[in-house]
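Please look at the sequence and the predicted model shown below, and keep both in view while you read. The paragraphs that follow take up enclosed spaces, open pockets, a pair of helices and a few single residues.

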Amino acid sequence: MVAAAVFVSNLDLFIVNVALPAMQQHFHGSSLATLSWVLNGYAIVFAALLVPAGRLADRIGHRRVFLAGLAVFTTASALCALAPAVGWLDAARAVQAAGAAALMPTSLALLLDATPPAERPGAIRAWASIGGIAAGLGPVLGGLLVEADWRWVFIANVPVGIAAIAVGIRVLPRLRGKESGPLPDLFGAGLLTTAVAALAVSLVKGNDWGWDSPRVLGGLLATALLTSWLLHRSARHHAPVVELPLLRVPSFAAANTAALLFTLAFAGMLLTSVLWCQQAWEYSALRTGLAIAPGPLLVPPVALGSAALVRRLGPGRLAALGTLLFAAGIGWWTATIGIRPGYTTELLPGLLLTGLGVGLTLPTLIGSASAALPPTRFATGSAITTMARQIGAVVGVALTVSLIGTPHGPQAALDGFRRGWTAVIAAALLACTAALVLAAAQRRAAAK
């Protein structure tokens with residue numbers, strides 16, 4: 001039951017990436033920067049509401065919040081499919097994100113509630129691998145659905161959601177909430193939403209407005225001020241969006257930092273691969289999905305089969321190895337991809353390296369973060385981890401769109417994508433540094 005809901009919410013992200021060029025053709029006059037909010041609006045709301053949803057679930061029960069989130073996600077998917085304009089689609093995606101925000105932390109919490117402590121690391125890796133399965137199938141399913149109409153990428157969620165609700169009511173355990181006390185800080189969630197949105201707007205519009213323009217500088221300043229206000233409020237609120245004491249746990253903080261940076265790189269990789277195939281090489285949506293699929297399809301078997309490597313190398317060092325493989329894959333693209341299609345020698349090797357890197361890195365980081373948490377903080381702590389990843393995804397998409405720009409001509413397009421890939425490599429190397437910090441923190445904790 002948990003796997004089905006997590007699969008649908010993850011699948012939606014990868015399908016929408018493939019559908020983005022089709023949406024641009026449908027909504028005439030919409031630029032890539034405008035349509036990037038179909039991705040970023042979802043990720044921003046998702047990030048802002050994850051921790052409040054996790055806290056609410058810890059307070060009133062994981063089952064109740066999980067089923068409510070599934071209902072909201074399903075309803076919003078139908079609204080996305082009915083969108084007559086980009087503004088409607090963006091608003092419906094925000095509602096969809098609110099439902100997904102309730103699903104993700106409660107899904108892991110429900111799973112861990114039902115799993116003996118000794119088996120939880122394996123359960124966490126299995127849970128994390130569901131996203132990899134969605135990533136592998138998403139491009140292909142997205143390509144098939146977009147061939148009919150881009151609206152089908154949202155319609156497909158509706159029957160799955162209805163069936164999942166019907167089954168979930170019967171099979172999910174009725175466990176009481178583990179907390180009492182104040183409700184989550186929704187004003188703090190609003191501060192986080194506004195701060196991340198201001199940063200995304202500044203990055204996306206930097207080329208159009210000018211990087212030294214008052215609007216861009218004002219957006220960056222607003223991001224800094226709102227973030228400071230959020231941290232100040234979180235330090236004093238009884239149910240904050242960012243639970244600062246958890247971030248003082250060295251392993252948890254390092255794992256989340258690495259996850260944020262790595263997801264920034266991953267989001268840039270995914271968006272550039274879709275856009276390059278469809279816009280530069282003029283692949284169809286279906287052909288793009290099939291072309292991209294080999295990399296993501298590596299993620300689940302690598303994630304599930306890497307337990308022995310975790311024991312041998314340690315989580316931090318294994319995650320660092322994964323980030324280096326990922327960076328090597330993007331480096332291959334930067335060095336080899338040209339204007340003329342060369343899939344097997346140019347795109348495919350990079351996809352295989354990035355898929356291997358994701359399979360080694362993301363489940364390991366998520367497992368490390370969860371392992372540092374007490375049982376009473378499973379939902380809240382996993383929400384913080386997913387929030388960090390979503391913020392990374394927002395910045396990754398916004399930065400990629402900004403670096404690609406609006407190129408005129410094939411060579412200008414190639415130059416723009418190479419700029420984007422260079423930024424992705426830099427983010428992956430920073431994630432490697434954070435993973436090595438995690439390894440050091442885990443060694444110190446084991447020594448105690």
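What volume does the second largest cavity have? In this predicted model, the second largest cavity has a volume of about 100 Å³. It is lined by 13 residues, and those closest to its centre are Phe266, Met269, Gly295, Pro296 and Val358. At least two lining residues come from each of H12, helix H14 (294–305) and H17, and H17 gives the largest share of this lining, with four residues. Sorted by class, the lining of the second largest cavity holds 10 nonpolar residues, three polar residues and no charged residue.

The count of cavities of 30 Å³ or more comes to three, and the largest cavity encloses about 500 Å³ of space. Its lining is made up of 32 residues, and Asn10, Leu13, Phe14, Phe266 and Arg389 are the ones that lie nearest its centre. Phe266 may already be familiar to you, since this residue is also among those closest to the centre of the second largest cavity. The helices that each supply at least two residues to the lining of the largest cavity are helix H1 (2–26), H2, helix H5 (120–148), H12, helix H17 (343–371) and H18. The lining of the largest cavity divides into 22 nonpolar residues, nine polar residues and one charged residue.

From the cavities we can turn to the pockets. The largest pocket has a volume of about 460 Å³, and 21 residues line it, with Leu192, Val242, Leu260, Met387 and Ile391 lying nearest its centre. At least two residues of this lining are supplied by each of helix H8 (186–204), helix H10 (214–236), helix H11 (244–247), helix H12 (250–280) and helix H18 (378–404). The lining of the largest pocket has 17 nonpolar and four polar residues, and no charged residue is found in it.

The second largest pocket has a volume of about 360 Å³, and of the 19 residues that line it, Leu32, Ile404, Gly405, Thr406 and Pro407 are the closest to its centre. Helix H2 (32–60), helix H9 (206–209), H12, H18 and helix H19 (410–447) each give at least two residues to this lining. The classes in the lining of the second largest pocket are 10 nonpolar, seven polar and two charged residues.

The next topic is how two helices pack. Two packed helices are described by the angle between their axes and by the distance between the axes. How, then, do H2 and helix H3 (residues 62–81) lie, and at what angle do their axes cross? The axes of H2 and H3 come within 8 Å of each other and cross at roughly 150°. Because an angle over 145 degrees counts as roughly antiparallel, H2 and H3 are therefore roughly antiparallel to each other. On the H2 side, the contact is made by Tyr42, Ala53, Leu56, Ala57, Asp58 and Ile60, while H3 contributes His62, Arg64, Val65 and Phe73. By class, this contact of H2 with H3 has seven nonpolar residues, one polar residue and two charged residues.

One residue of that contact, Phe73 of helix H3, can be followed further. Is Phe73 buried or exposed? Phe73 has a relative accessible area of 1%, and because buried means under 20%, Phe73 is buried. Leaving aside neighbours within four places in sequence, Phe73 is in contact with Val8, Ser9, Asp12, Tyr42, Gln96, Gly99, Ala100, Leu103 and Asn157. The C-alpha atoms of Phe73 and Val158 are separated by 8.7 Å, although these two residues are 85 residues apart along the chain.

Leu399, which is found in helix H18, has a relative accessible area of 24% and is partly exposed. If residues up to four places away in sequence are not counted, Leu399 touches Leu203 and Ala423. The C-alpha atoms of Leu399 and Leu270, which are 129 residues apart along the chain, are separated by 13 Å.

The last residue to find is Glu282, which lies in the loop between H12 and helix H13 (285–292). Its relative accessibility is 67%, and because exposed means over 50%, Glu282 counts as exposed. The phi angle of Glu282 is near 60°, which is a positive value in a residue other than glycine.

Technical notes
Residues numbered from 1 in each chain as written. Predicted model: local features only at pLDDT ≥ 70, side-chain atom pairs only at ≥ 80, totals over all residues. Heavy atoms only, no water. 1 Å grid on protein atoms, 1.4 Å probe; cavity = no way out; pocket = protein on both sides within 12 Å on 5 of 7 lines; lining within 4 Å. Points joined across faces, edges and corners; volume = space filled by probe spheres on them. Nonpolar A, V, L, I, M, F, W, Y, C, P; charged D, E, K, R; others polar. Axes fitted to C-alpha atoms, helices over the stretch in contact; angles between N-to-C directions. Parallel < 35°, antiparallel > 145°, perpendicular 65-115°, else oblique. Contact = heavy atoms within 4.5 Å. Buried < 20%, exposed > 50% of the residue type's maximum accessible area, 1.4 Å probe, protein only.
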